[in-house]
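Open the model in your viewer, switch to a cartoon view, and keep a selection box handy. We will walk through it one stop at a time.

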Amino acid sequence: MTPSTILTIAGSDSGGGAGIQADLKVFAALGAYGTSVITAVTAQNTRGVDAVLPLPPRTVTEQLDSVLADFTVSAVKTGMLGTPAVADVVAEAARAGRLPQLVVDPVLVATSGHRLGVVGAVERLLPYATVATPNCAEAAAITGRPVDDVAGMVVAAEALAAGGPNHVVVTGGDLDGGEAVDVLHGGGVTTLLRAPRVTTRHTHGTGCSFSAAIAVRLALGDPVPAAVGAAKEYVLRALTGARGWELGAGRGPLNHFGWSA
């Protein structure tokens with residue numbers, strides 16, 4: 001059987017834990033064929049981001065046109081866009097109906113604290129998103145309101161959904177507490193998704209992996225709530241499987257393929 005083709009539009013992570021590299025691992029782990037459009041090249045590892053080089057919008061356009069001219073893409077996810085000009089390229093493709101089942105991961109700041117994107121770039125894509133997946137810091141940056149507890153996550157999800165996305169998931173993995181609570185809002189309905197918090201330093205690429213898994217499940221025919229739930233379970237397994245790893249000195253990568261399960 002021919003696998004579903006998923007497209008990721010994101011930055012490259014030289015450490016392999018996030019961005020394009022993480023997305024392609026998730027696609028493969030979940031049985032999909034991954035294609036990619038690179039928006040920026042980063043020099044980074046588990047300890048942080050040392051440099052970011054955004055690619056010219058024309059180069060992003062050429063990659064996008066090449067992939068879409070040859071592959072039937074079933075779902076698309078975006079990550080780091082880098083600049084408003086690159087976001088315009090991607091938004092124009094979405095506006096033209098070329099990016100089906102679009103999952104927008106509004107990457108603004110890396111886990112290390114290095115700024116990777118600008119709010120204006122993300123806002124260009126939100127009206128075309130099937131699902132948007134900001135974490136608390138990203139939701140706060142986009143809405144201009146503090147998001148530091150579940151109540152704030154609910155308010156942010158509702159506000160972001162009013163701006164265009166069909167569904168919004170505000171992820172709460174960075175908050176304190178014994179549970180990792182995500183807030184899903186869509187169709188006027190808000191749902192709290194709960195899972196036990198995994199104690200591990202290997203959390204690099206969690207947001208990328210979550211949104212990539214949603215894209216795969218959408219391509220396979222899941223409705224959004226089921227796709228989000230399956231993605232949360234996948235990330236929980238990937239976090240748990242990497243707890244004993246000794247990869248890098250900082251925030252290490254997830255166990256995308258279940259090697260340590």
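What follows is a tour of a predicted model, going from the sheet to the helices and then to the core and a few loop residues.

**Stop 1: the sheet**

Start by colouring the strands. The sheet is open and is formed by 9 strands, in the order β3-β2-β1-β4-β5-β6-β7-β8-β9, with mixed pairing. Now select residues 48-54 and 189-196, which are β3 and β9. Each of these strands stands at an edge with a single partner strand, so one side of each has no neighbour in the sheet.

Stay at the β3 edge and add β2. The two strands pair in the antiparallel sense, over 6 bridges, and a hairpin of 2 residues joins β2 to β3. To see the register, show Ala 43 as sticks and look across to β3, where Ala 51 stands opposite.

For a contrast in direction, move to β5 and β6. These strands run parallel and are joined by 2 bridges. Select Val 103, and its bridge partner in β6 turns out to be Val 131.

**Stop 2: helices across the sheet**

Select residues 19-29 to bring up helix α1. This helix lies across β1 (5-13), β2 (33-45) and β4 (73-78), and runs at about 150° to β1. Next select α6, which lies across β7, β8 and β9 at about 25° to β8.

**Stop 3: a closer look at α6**

Zoom in on residues 150-162. Helix α6 has 13 residues and reaches 19 Å from its first C-alpha to its last, close to the 18 Å expected at 1.5 Å a residue. Which residues of α6 are buried? Select Gly 152, Met 153, Ala 156, Ala 157, Leu 160 and Ala 161 to see them. Looking down the axis of α6, you will find that its buried residues fall within an arc of 160°, so they line one face of the helix. Ala 151 and Ala 162 are exposed, on the other side of α6.

What do the buried residues of α6 pack against? Show α5 (136-143), β7 (167-170) and β8 (179-186), and you have the partners.

Pick Gly 152, which lies in this helix. Gly 152 has 13% relative accessibility and therefore counts as buried, the cut-off being under 20%. If you want to try the distance tool, go from the C-alpha of Gly 152 to that of His 204: the two atoms are separated by 24 Å, and the residues are 52 apart along the chain. Before leaving, check Gly 164, which follows α6 and has a positive phi, near 140°.

**Stop 4: α3 and the nonpolar core**

Now select α3. Its 12 residues should span 16 Å at 1.5 Å a residue, which agrees with end C-alpha atoms 16 Å apart. Buried here are Val 86, Ala 87, Val 89, Val 90, Ala 91, Ala 93 and Ala 94. The buried residues of α3 pack against β1, β2, α2 (57-70), β4, β5 and α4 (119-125). Gly 97 follows α3, with a positive phi near 80°.

From here, turn to the largest nonpolar core, which has 41 residues. Show Leu 7, Ile 9, Leu 64, Leu 99, Val 147 and Val 170, the residues with the most contacts inside this core. Helix α3 (residues 84-95) gives the most to this core, with 7 residues.

Centre on Leu 7 and expand the selection to its contacts. Leaving out residues up to four places away in sequence, Leu 7 touches twelve named sites, including Phe 27, Val 37, Leu 64, Val 76 and Leu 99. A second, separate core has 28 residues, among them Ala 32, Ala 231, Tyr 234 and Leu 254.

**Stop 5: two loop residues**

Is Thr 133 buried or exposed? Thr 133 is buried, at a relative accessible area of 4%, and sits in the loop between β6 (131-132) and α5. Beyond its neighbours within four places in sequence, Thr 133 has contacts that include Val 103, Asp 105, Glu 138, Phe 210 and Ile 214.

Finish at Gln 101, in the loop between α3 and β5 (102-104). Gln 101 is partly exposed, with a relative accessible area of 31%. Its phi is near 45°, a positive value in a residue other than glycine.

Definitions and conventions
Residues numbered from 1 in each chain as written. Predicted model: local features only at pLDDT ≥ 70, side-chain atom pairs only at ≥ 80, totals over all residues. Heavy atoms only, no water. Helix = DSSP H or I, 4+ residues; strand = E, 2+ residues; numbered from the N terminus. Expected span 1.5 Å × (residues − 1). Buried < 20%, exposed > 50% of the residue type's maximum accessible area, 1.4 Å probe, protein only. Arc of directions from axis to C-beta. Contact = heavy atoms within 4.5 Å. Core = buried A, V, L, I, M, F, W, Y, C linked by side-chain atoms within 4.5 Å. Pairing = 2+ DSSP bridges. Axes fitted to C-alpha atoms, helices over the stretch in contact; angles between N-to-C directions.
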